[in-house]
Amino acid sequence: MNKNLKSFTLRQLGEIVEKPYNSIQIYRWIWKKGVDRIEEFSDISKRLRKKLIDEGYFVGNIGEKFRINSSDGSVKFVFEDGYEAVYMPEKNRNTVCVSSQLGCNLKCKFCATGLLGFRRNLMAWEIADQVLQISKKLNKKITNVVFMGMGEPLLNFENVKQAIRIMTSHIGLNIGAKHITISTSGIVPKIYELANFDRRVKLAISLHSAIEEKRIKIMPIAKAYSLREIKEALIYYLEKQRLRITIEYIHLKGFNDTDEDIYELRKFIRGIDCKINIIPYNKVDYFDWEAPNEEDVYNFYDKLKKILDNVVITIRWSKGRDIYGACGQLGYQLVHNAK
Ligand code: SAH
Ligand code: SF4
């Protein structure tokens, strides 16, 4: 078993220490104050501190390799063996985009992380610690977390769930469950599991096309789960969690932005409480897609607005494009170095 004290939920920690109150104290030291030496937990008895250390417990951190500041205020952090997290400040909130895996197996035909291939699953504490480390290093309160970094969160779901339990603890990082969004390429059985998860977190689905053949062309995983199965799972999630779903739709100019694409999208979202988030494709070398310019994106937006009528549509002008920290660009350096 992992003896890093960051691996445990508050309740699990309570089973290790003697009195429940001790677990609250320890949680506060680790996740609120960011202290990582058990010796310094001054409000718990010397005896308990010694006992923990003697039993092999410790507080481990993920190490920062380097960071890059973007001109838009976001900061990309590269940790340990190369997983990345991006800090994105906004007016009323500070969001961290976390990675759940190093690399990704699913190889979507527009994503740098996919090019990297799957290297490993991150452990729960490595995921939660991305938030703590960024908060500490930048001295900012983090209010929102999105699982939109490297990896497919629903394919490392046990660790992702544990990380969410840790991050939502009131004693620690205290991120509201509703301020956490999981983005998935559509792993249907796991969407059902998310619907029954004991934390009410938001769901974003990378749809990108409502036309089966087109979706398969750009997302190999679409062969495993059909649009119909995805829709059923989304409806189940909505019944259980009652949180509006975000439909992510990458704008690949000339590929998925025709009237027919929008009519199919309209059919797909019928009966689903959702908003649409257009993500202009961010350039990744090794793929031939053309990145749409602002005018292209607004034209597409206008068309969507007209045909979809009454649906909330937003555009995600990705942050950190200049530092290869935008959607789909994570892992670029690793890919680039490996070529
Ligand atoms: N694996 C998950 C979450 C990480 S990707 C998923 O696929 O949903 C976060 C979002 O960025 C997804 O919607 C993904 O499709 C999108 N994305 C990937 N590559 C991109 C690129 N080059 N430009 C814009 N968005 C991209
Ligand atoms: Fe993996 Fe998501 Fe990238 Fe697809 S878009 S390769 S699922 S990280």
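How do the residues of the shell around ligand 2 divide into nonpolar, polar and charged? Keep that in mind while you click through this predicted model; we'll start right there.

**Stop 1: ligand 2.** Select ligand 2 and show its neighbours: Cys104, Leu106, Lys107, Cys108, Cys111, Gly114, Gly151 and Ser185. The split you were asked about is four nonpolar, three polar and one charged. Now switch on a cavity display, if your viewer has one: ligand 2 sits in the largest cavity.

**Stop 2: ligand 1.** Stay where you are and pick ligand 1, since the space taken by ligand 1 is the largest cavity. Gly151, which you just had selected as part of the surroundings of ligand 2, turns up again here: Phe110, Gly151, Ser183, Ser206 and His208 are the closest of the 21 residues that surround ligand 1. Colour that shell by class and you should get ten nonpolar, nine polar and two charged residues.

Next, go to cartoon view and highlight strand E8 (180-184), strand E10 (245-251) and strand E11 (274-280). Each of these strands gives the shell around ligand 1 at least two residues.

**Stop 3: polar contacts of ligand 1.** Bring up sticks for three residues:

- Phe110: look at the backbone here, where an N or O atom lies 2.8 Å from a nitrogen atom of ligand 1.
- Asn282: the backbone again, with a polar atom 2.9 Å from a nitrogen atom of ligand 1.
- Glu248: this time go to the side chain, which places a polar atom 3.3 Å from an oxygen atom of ligand 1.

Try a surface next. Ligand 1 would expose 530 Å² if taken alone, and the protein buries 96% of that.

**Stop 4: an aromatic pair.** Leave the ligands and show the rings of Phe, Tyr and Trp; the count comes to ten aromatic pairs. For one of them, select Phe8 and Tyr57, an edge-to-face pair with 6.3 Å centre to centre and 65° between the planes. Trace the chain from each ring: Phe8 belongs to the segment before helix H1 (10-16), while Tyr57 is in the loop between helix H3 (46-54) and strand E1 (64-69). With their positions 49 residues apart, the two rings link distant parts of the chain.

Note on methods
Residues are numbered from 1 along each chain as its sequence is written. Chains are lettered from A and ligands numbered from 1 in the order in which they are written. This is a predicted model: local features need pLDDT of at least 70, side-chain atom pairs count only at pLDDT 80 or more; totals for chains, interfaces and linings use all residues. Side-chain values use heavy atoms; hydrogens and water are left out. A residue is near a molecule or strand if one of its heavy atoms lies within 4 Å of it. A polar contact is a pair of N or O atoms within 3.5 Å; within protein, one must be able to donate a hydrogen and the other to accept it, and residues adjacent in sequence count only if both atoms are side-chain atoms. Accessible areas come from the Shrake-Rupley method with a 1.4 Å probe; for residues, only the protein chains shown count as cover. On a 1 Å grid over the protein atoms alone, a cavity is a set of points where a 1.4 Å probe fits but cannot get out, and a pocket is an open set with protein on both sides within 12 Å along at least five of seven lines; lining residues have an atom within 4 Å of a point. A molecule sits in a cavity or pocket if more than half of its atoms lie within 2 Å of its grid points. Helices (H or I, at least four residues) and strands (E, at least two) are DSSP runs, numbered from the N terminus. Ala, Val, Leu, Ile, Met, Phe, Trp, Tyr, Cys and Pro count as nonpolar, Asp, Glu, Lys and Arg as charged, and the others, Gly among them, as polar. Rings of Phe, Tyr and Trp (its six-membered ring) pair if their centres lie within 6.5 Å; planes under 30 degrees apart count as stacked, over 60 as edge-to-face and the rest as tilted.
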